Amino acid sequence: MAVLAIDQGTSGTKAVVVEPDGTVVAFAEAPVHPDYRGGGAVEQDPGDLLSSVLEAGRVAAAGAPVEAVALANQGETVLAWDPRSGKPLSRAIVWQDRRAESVCRPIADRGAAFAARTGLVLSPYFSAPKMAWLRANVTRDGVVTTSDVWLLHQLTGRFVTDISTASRSLVLDLDALRWAPDLLTWFDLAREALPE
């Protein structure tokens with residue numbers, strides 16, 4: 001049986017069906033449209049992200065028996081959403097967005113601690129600063145997560161992520177492979193519901 005691999009990216013979503021021997025049997029692509037705004041803002045409509053995943057996935061998988069689906073994503077893109085209904089409560093704040101510089105600046109002296117625990121430099125590029133910025137400037141409602149968590153919830157009903165996406169957050173302790181309460185506190189995210 002084949003695997004349907006979906007890559008939800010900044011300007012489009014690609015889907016490919018691959019047989020166990022590595023043969024590509026189908027490919028599809030659906031565009032998405034980032035909105036570049038002033039002040040370093042880059043946003044996307046979450047509905048467009050989901051529609052592109054469904055469209056590309058359905059086209060690629062049409063007529064192909066698929067046993068498993070894999071999802072790659074914009075690992076540092078975040079949004080707020082209602083965990084009961086799945087409805088987005090914000091636009092997606094894209095990995096390119098620079099507005100979270102205001103979150104990183106006051107904790108810049110902790111950069112070495114972040115590097116030691118997460119292997120990452122303190123930067124608005126990563127998801128936790130964006131999550132904190134979204135909480136401070138857009139909404140305190142629902143949950144705030146990376147886009148993969150929302151997409152997986154839409155597709156499966158689960159509240160999960162994978163270790164590779166979590167490792168791009170600045171709040172995952174790489175030695176323990178779990179969310180780090182002290183790092184979350186530095187971003188004022190200690191009370192957030194985080195995915196498994």
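1. In which loop does Leu177 lie? In this predicted model, Leu177 is placed in the loop between β10 (172-173) and β11 (178-179). Its phi is near 55°, a positive value in a residue other than glycine, and the residue is exposed, with a relative accessible area of 51%. As background for this point, most residues other than glycine have a negative phi.

2. Asp188 can be read alongside Leu177, since for Asp188 too the model gives a positive phi in a residue other than glycine, here near 60°. Asp188 is found in the segment after α7 (181-186), and with a relative accessible area of 56% it counts as exposed.

3. Two glycines with positive phi also deserve a mention. Gly22 takes a phi near 95° in the hairpin of β2 and β3, a hairpin that has five residues between its strands, while Gly157, which comes just after α5, takes a positive phi of about 85°.

4. Turning to the overall architecture, the chain has seven helices and eleven strands. The radius of gyration is 17 Å, which agrees with the value near 16 Å that a compact globule of 196 residues would have. Along the principal axes, the C-alpha atoms fill a box of roughly 55 × 35 × 30 Å.

5. Buried residues make up 48% of the 196 residues in the chain, and among contacts with a separation of 6 or more, 63% are between residues 24 or more positions apart. The chain exposes about 9400 Å², of which carbon and sulfur atoms supply 53%. As for charge, there are 18 positive and 24 negative charges, and their mean positions are 7 Å apart.

6. The N-terminal strands can be followed one after another. Strand β1 (residues 2-8) and strand β2 (residues 12-18) run antiparallel and are joined by six bridges, with a hairpin of three residues leading from β1 to β2. Strand β2 is in turn joined by seven bridges to strand β3 (residues 24-31), and this pair also runs antiparallel.

7. Lys14 is a convenient residue for tracing these pairings, as it has a partner on either strand: Asp7 stands opposite Lys14 of β2, and in β3 the bridge partner of Lys14 is Glu29.

8. Which residues of helix α5 (residues 147-156) are buried? They are Ser147, Asp148, Val149, Trp150, Leu151 and His153. The elements that cover these buried residues include β1, α1 (46-61), β6 (66-72), β7 (78-81), β9 (143-146) and α6 (163-166).

9. Leu49 offers a view of the same region from helix α1, where this residue has its place. Leu49 is buried, with a relative accessible area of 1%, because a residue counts as buried when that area is under 20%. Leaving aside neighbours within four places in sequence, Leu49 is in contact with Gln8, Val32, Gln44, Gln74, Ala92, Ser147 and Leu151. Two of these partners, Ser147 and Leu151, are also listed among the buried residues of α5. The C-alpha atoms of Leu49 and Val32 are separated by 6.5 Å, although the two residues are 17 residues apart along the chain.

Conventions:
Residues are numbered from 1 along each chain as its sequence is written. This is a predicted model: local features need pLDDT of at least 70, side-chain atom pairs count only at pLDDT 80 or more; totals for chains, interfaces and linings use all residues. Side-chain values use heavy atoms; hydrogens and water are left out. Two strands pair if DSSP finds at least two bridges between them. Helices (H or I, at least four residues) and strands (E, at least two) are DSSP runs, numbered from the N terminus. The radius of gyration is taken over C-alpha atoms; the globule rule is 2.2 Å times the number of residues to the power 0.38. Buried means under 20% relative accessible area, exposed over 50%, partly exposed in between (1.4 Å probe, protein chains only). Contact means heavy atoms within 4.5 Å. Accessible areas come from the Shrake-Rupley method with a 1.4 Å probe; for residues, only the protein chains shown count as cover. Lys and Arg count as positive and Asp and Glu as negative; His and the chain ends are not counted. The place of a charge is taken as NZ of Lys, CZ of Arg, CG of Asp or CD of Glu.
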